[in-house]
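This report describes one protein chain, from its overall make-up to individual residues. The sequence and the model are shown first.

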Amino acid sequence: MTMESGAFCAPEPAPRPPKAAEGPYARCVLCLEPTEYAESAPGIVLCPVCEWQEAQRNACSG
Ligand SMILES: [Zn+2]
């Protein structure tokens, strides 16, 4: 009687620092590409590509 079989697989949006309007930009911790975040942004910053890949990994893809 449940309609929520996939609910626990939903990816959680990770908190991200605000995007910087201008540089210097922080480098992605995975591929070292420039990100859209300021160099002074706290925490781990990922470029759009790695962010997307992380999102895929966090999704219920097996
Ligand atoms: Zn990257």
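Two strands are taken to pair if DSSP finds at least two bridges between them. In this predicted model, β1 and β2 meet that condition with two bridges, and they run in the antiparallel sense. Across this pairing, arginine 27 stands opposite proline 34, a residue of β2.

**Confidence and overall make-up**

The protein chain has a mean pLDDT of 82, and 73% of its residues reach 70 or more. Where pLDDT is low, the predicted coordinates should not be read in detail. Among the elements of the chain, strand β1, at residues 25-27, has the highest mean pLDDT, 95, and helix α1, at residues 48-58, has the lowest, 90.

One helix and two strands make up the secondary structure, and their order along the sequence is β-β-α. The chain has 62 residues, of which 10% are buried. Among contacts between residues at least 6 apart in sequence, 16% join residues at least 24 apart.

**The hairpin and its approach**

In the segment before β1 lies proline 24. The peptide bond that leads from glycine 23 to proline 24 is cis, with omega near 5°. Six residues separate the strands in the hairpin of β1 and β2, and leucine 32 has a positive phi there. Leucine 32 belongs to the loop between β1 and β2, the latter spanning 34-38. Its phi is near 65°, in a residue other than glycine. Most residues other than glycine have a negative phi, and most peptide bonds are trans. Is leucine 32 buried or exposed? Leucine 32 counts as exposed because it has 9 C-beta neighbours inside 10 Å, and the cut-off for an exposed residue is 12 or fewer.

**The nonpolar core**

Which residues make up the largest nonpolar core? The core consists of five residues: Ala26, Tyr37, Val45, Leu46 and Cys47. Tyrosine 37 also has contacts beyond its neighbours within four places in sequence, namely Pro17, Lys19, Ala20, Tyr25, Ala26 and Val45. Ala26 and Val45 thus appear in the contact list of tyrosine 37 and as members of the core.

**Two residues of the helix**

Glutamate 51 lies in helix α1, and valine 49 is found in helix α1 as well. Glutamate 51 is partly exposed because 17 other C-beta atoms lie within 10 Å, whereas a buried residue would need 20 or more. Valine 49, with 13 other C-beta atoms within 10 Å, is also partly exposed. For each of these residues, the table gives a C-alpha separation from a residue elsewhere in the chain.

| Helix residue | Other residue | Separation along the chain | C-alpha distance |
|---|---|---|---|
| Glutamate 51 | Threonine 35 | 16 residues | 9.9 Å |
| Valine 49 | Cysteine 31 | 18 residues | 9.3 Å |

Conventions
Residues numbered from 1 in each chain as written. Predicted model: local features only at pLDDT ≥ 70, side-chain atom pairs only at ≥ 80, totals over all residues. pLDDT = per-residue confidence, 0-100. Helix = DSSP H or I, 4+ residues; strand = E, 2+ residues; numbered from the N terminus. Contact = placed C-beta atoms within 7 Å. Core = buried A, V, L, I, M, F, W, Y, C linked by C-beta atoms within 7 Å.
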